[in-house]
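Work through the exercises below with the sequence and the model open. Try each task before reading its solution.

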Amino acid sequence: MAAPRFTDQLNVQIGNEFAAHNQYLACAVHYDALTMPQLASFFYGQALEERQHAMMMVQYLLDTDAAVEIPGVEAPVASFEDVVAPVALALEQEKRVTEQINDLLRIAREEHDFASEQFMQWFIKEQVEEVATMNDLLAVVTRSKDDINAIEDWVAREQGAGDADPTAPPAAGA
């Protein structure tokens, strides 16, 4: 059974992942309204990915016979001043989630909860990729903020859908 201190914080993280899902939806809608289908699609995909992360955490709690609590979340930022602002916000969000994931791993280690520590390893790797992706995207969007077509071309070329990660934890409902 997972350590109660860990499962309590993992339930909080489920809320954080759903909040990230909603924030990415708001970013996607912003780009959709600007007729930027590539960037909109990228953020719709990111939203689904964050939801999937939450459901992986739900499944882990179910698998370890721990209580699952789906917390409410605050409304996302939905109004942006330009094409750069949503990506800058996304990068800050990914950095914050990285700290949250690192804290979860730290708790698992402190509680000698080896199964939960192992579960968190995939999320550590995932956060490295997420921060790197948003760093790259922010550089491109900042550099090309006056050329929306250049941004769209880059996203279409560089941010294609990757294969499913066979090492990812199972998600509830999948």
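Five exercises follow, each with a worked solution.

Ground rules come from two statements. This is a predicted model, where local features need pLDDT of at least 70, side-chain atom pairs count only at pLDDT 80 or more, and totals for chains, interfaces and linings use all residues. Residues are numbered from 1 along each chain as its sequence is written, and side-chain values use heavy atoms, with hydrogens and water left out.

**Exercise 1. The annotated domain**

Task: Find the helix and strand content over residues 1-145.

Solution.
- Step 1. Take the range from the record: an unreviewed UniProt entry annotates residues 1-145 as "domain: Ferritin-like diiron". Such annotations may be inferred rather than shown by experiment.
- Step 2. Assign elements. Helices (H or I, at least four residues) and strands (E, at least two) are DSSP runs, numbered from the N terminus.
- Step 3. Read off the result: 78% helix and 0% strand. The end C-alpha atoms of this range lie 50 Å apart.

**Exercise 2. One helix, two sides**

Task: Work out which residues of α5 are buried and why they line one face.

Solution.
- Step 1. Set the cut-offs: buried is under 20% relative accessible area, exposed over 50%, partly exposed in between (1.4 Å probe, protein chains only).
- Step 2. Apply them to helix α5, residues 148-158: I151, E152, W154 and V155 are buried.
- Step 3. Look down the axis of α5. The buried residues fall within an arc of 160 degrees, so they line one face of the helix. The arc is taken from the directions from the helix axis to the C-beta atoms.
- Step 4. Recall the helix geometry. An α-helix has 3.6 residues a turn, so residues three or four places apart point the same way.
- Step 5. Check the face turned away from the buried side: exposed N149 and R157 sit there.
- Step 6. Find the packing partners of the buried residues: α2 (37-63) and α4 (114-143).

**Exercise 3. The second largest pocket**

Task: Describe the lining of the second largest pocket.

Solution.
- Step 1. Define the space. On a 1 Å grid over the protein atoms alone, a pocket is an open set of points where a 1.4 Å probe fits, with protein on both sides within 12 Å along at least five of seven lines; lining residues have an atom within 4 Å of a point.
- Step 2. State the volume, the space filled by probe spheres set on the points: about 290 Å³.
- Step 3. List the lining. There are 16 residues, and N16, A19, A20, Q93 and R96 lie nearest the centre.
- Step 4. Name the elements giving two or more residues: α1 (4-33) and α3 (85-110).
- Step 5. Sort by class: 8 nonpolar, 6 polar and 2 charged.

**Exercise 4. Two buried polar residues**

Task: List the contacts of N11 and of Q93.

Solution.
- Step 1. Contact means heavy atoms within 4.5 Å.
- Step 2. N11 belongs to α1 and is buried at 5% relative accessible area. Leaving aside neighbours within four places in sequence, N11 touches L61, A67, V68, E69 and P71.
- Step 3. Q93 belongs to α3 and is buried at 7%. With the neighbours within four places again left aside, Q93 touches A20, Q23 and Y24.

**Exercise 5. Positive phi**

Task: Locate T35 and D65, and give their phi values.

Solution.
- Step 1. Most residues other than glycine have a negative phi.
- Step 2. T35 has phi near 55 degrees. T35 lies in the loop between α1 and α2 and is exposed at 64%.
- Step 3. D65 has phi of about 60 degrees. D65 lies in the loop between α2 and α3 and is exposed at 63%.

Key:
Ala, Val, Leu, Ile, Met, Phe, Trp, Tyr, Cys and Pro count as nonpolar, Asp, Glu, Lys and Arg as charged, and the others, Gly among them, as polar.
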